[in-house]
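Student: I have a new structure on my screen and no idea how to read it. Could you walk me through a few features?
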Amino acid sequence: MALLQSKKIVAVCQMTAKSDKKINIGICSELIKAAKSQNAEMVFLPEACDFIGEKRSQFVDNAEPVNGETVHSFCQMAEQNKVWLSLGGILEKADSEKVRNSHIVINSEGDIVSVYHKIHMFDVDIPEKNTRIMESDYVLPGERIVAPAETPVGKVGLAICYDMRFPELSLTLAKMGADILTFPSAFTFATGAVHWETLLRARAIESQCYVIAAAQTGTHNSKRSSWGHAMVVDPWGTVIAQCSEGTNVAIAEIDLSYVQKVRSSMPVWQHRRSDLYADMSPLKTAVKSDEIDDSAVYRFGSTTVHGSTVFYKTNKTLAFTNKRCAVPGHVLVMPIRCVQTLKDLENDEKEDLFMVLKKVNEVVRTVSKSSGVTTGIQTGTSAGQTVKHLHVHVLPRKSEVVGDDNVMLDALHDRQERSLAEMSEEASMLRPFF
């Protein structure tokens with residue numbers, strides 16, 4: 001990447017979150033202010049910076065959507081302090097029984113620029129260490145690797161805690177362009193004492209990236225305590241900043257020219273033998289493409305889809321807002337290549353379409369706070385299809401009643417046509433969820 005104009009200052013934070021969300025957020029606010037007073041341009045907060053409880057039900061009950069009050073308060077902090085924030089892991093509401101462990105990046109204007117859902121679940125039972133945590137009991141795993149976020153301090157690859165034990169993710173993020181890898185954590189005391197620093201330095205050395213690991217520390221409740229030792233490691237594997245005991249902030253300088261120097265002097269990326277072992281790249285299916293172009297126009301049968309109404313896009317599939325909604329939140333998904341039926345799609349196009357549908361279904365249900373989602377395809381005029389381009393309807397449902405099976409989802413009667421401005425506004429609201 002083109003080097004930024006100068007070296008940049010980051011702050012890595014350490015705290016002891018408990019079961020009072022208001023107090024936890026207040027502590028985060030003080031840490032952000034302390035970081036700003038030391039000229040930090042980006043502040044990294046640990047996993048579970050919003051809440052740590054004792055029971056599974058407490059985690060579920062305290063979860064909120066990304067557009068909820070908790071994230072909104074952090075957006076205000078970012079804007080007020082004019083800093084970028086990495087919320088290392090907050091409880092994002094998924095459904096009535098489970099949550100997402102979500103790493104969110106907010107820019108200095110208070111806008112969400114990236115959301116990553118933790119993909120590796122910490123399910124371990126170490127009796128001799130009195131450690132047993134089953135994260136998958138209440139957390140849904142993420143389903144994709146998120147492209148590194150463009151920030152003033154460099155391209156930041158997003159991960160969370162247990163993800164650091166999987167070098168494949170780190171190498172994939174580095175190959176995707178990351179200068180910095182982040183592992184915000186609530187690392188157990190038992191495993192942290194022997195593995196924490198070793199793992200972080202290993203990830204930095206093998207990826208040739210800076211590693212920033214904000215951390216929880218101390219006793220959260222009678223069942224849980226964390227190792228702490230929040231730190232920053234440079235691409236050569238040297239610890240260049242580390243928090244002392246308790247709630248704290250450590251400051252580090254990020255020098256992107258040093259990243260390039262390390263990669264040039266030890267050119268492991270040029271020496272990899274992808275002819276002999278797997279190439280570390282994200283799976284191509286349903287990988288989000290580059291930033292959506294609001295000025296673009298896509299063919300949709302005999303009509304068009306404006307880029308400003310698109311809220312998710314891959315190289316093969318578009319998800320966009322609907323001009324005539326059967327219910328509020330009714331959106332559409334279509335293959336970019338114009339075909340009329342599913343059988344006309346190539347296998348990779350079908351796979352991509354259904355992967356996108358899975359993501360869109362989850363987001364529609366979360367945003368609409370609905371009990372379910374109806375997904376439907378209409379083929380032919382007798383089935384109600386009015387646009388001769390394969391597309392899938394995704395509709396939130398507030399109850400288990402789906403309605404008339406013969407409803408014409410494409411039918412235009414009795415539906416008010418929305419303006420382009422309305423559709424674009426809805427798309428802008430949905431984009432941060434992907």
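Student: Let me start with one residue: is Cys-49 buried or exposed?

Tutor: Keep in mind that this is a predicted model. To judge burial, look at relative accessible area, where anything under 20% counts as buried. Cys-49 has 0% relative accessibility, so it is buried. Across the chain, 53% of the 434 residues fall into that class.

Student: How many disulfides are there?

Tutor: The general idea is to look for two cysteine sulfur atoms within 2.5 Å of each other. By that rule the count is zero. Take Cys-49 again: its nearest cysteine sulfur belongs to Cys-28 and is 4.6 Å away, and Cys-49 is in no disulfide.

Student: Why is Cys-209 without a bond to Cys-161?

Tutor: Distance again. Cys-161 holds the cysteine sulfur closest to that of Cys-209, but the gap is 19 Å, which is too far for a bond. Cys-209 is also buried, with a relative accessible area of 0%.

Student: What about the backbone? What is the phi of Cys-161?

Tutor: Here's the background: most residues other than glycine have a negative phi. Cys-161 has a positive one, about 40°, although it is not a glycine. You'll find Cys-161 in the loop between β9 (154-158) and α4 (167-175). With 8% relative accessibility, Cys-161 counts as buried.

Student: And where is Gln-208?

Tutor: Gln-208 sits in the loop between α5 (189-207) and β11 (210-213). Its phi is positive too, near 55°, and Gln-208 is not a glycine either. At 2% relative accessibility, Gln-208 is another buried residue.

Student: Which residues is Ile-160 in contact with?

Tutor: For contacts, we ask which heavy atoms come within 4.5 Å. Setting aside neighbours within four places in sequence, the partners of Ile-160 include Glu-47, Gly-88, Asn-101, His-103, Tyr-116 and Pro-184. Thr-182 is on that list as well; its C-alpha is 7.2 Å from that of Ile-160, with their positions 22 residues apart along the chain. Ile-160 belongs to the loop between β9 and α4, and its relative accessibility of 0% makes it buried.

Student: Now a serine. Where is Ser-281, and what does it touch?

Tutor: Ser-281 lies in the loop between α7 (268-271) and β17 (297-300). Leaving out neighbours within four places in sequence, its contacts are Thr-172 and Lys-175. Sequence distance and spatial distance are separate things to read: Ser-281 and Ile-145 are 136 residues apart in sequence, and their C-alpha atoms are 9.6 Å apart in space. With a relative accessible area of 32%, Ser-281 counts as partly exposed.

Student: Let's zoom out. How many helices and strands does the chain have?

Tutor: There are nine helices and 23 strands. To see how the chain folds back on itself, take the contacts with a separation of 6 or more: 69% of them join residues 24 or more positions apart.

Student: What is the radius of gyration of the chain?

Tutor: It is 23 Å, and a compact globule of 434 residues would be near 22 Å, so the two agree. Along the principal axes, the C-alpha trace spans about 70 × 50 × 45 Å.

Student: Last one: what about surface and charge?

Tutor: The accessible surface comes to about 19800 Å², and carbon and sulfur atoms account for 50% of that. As for charge, the chain has 48 positive and 53 negative side chains, and the centres of the two sets lie 1 Å apart.

Methods. Residues are numbered from 1 along each chain as its sequence is written. This is a predicted model: local features need pLDDT of at least 70, side-chain atom pairs count only at pLDDT 80 or more; totals for chains, interfaces and linings use all residues. Side-chain values use heavy atoms; hydrogens and water are left out. Helices (H or I, at least four residues) and strands (E, at least two) are DSSP runs, numbered from the N terminus. The radius of gyration is taken over C-alpha atoms; the globule rule is 2.2 Å times the number of residues to the power 0.38. Buried means under 20% relative accessible area, exposed over 50%, partly exposed in between (1.4 Å probe, protein chains only). Accessible areas come from the Shrake-Rupley method with a 1.4 Å probe; for residues, only the protein chains shown count as cover. Lys and Arg count as positive and Asp and Glu as negative; His and the chain ends are not counted. The place of a charge is taken as NZ of Lys, CZ of Arg, CG of Asp or CD of Glu.
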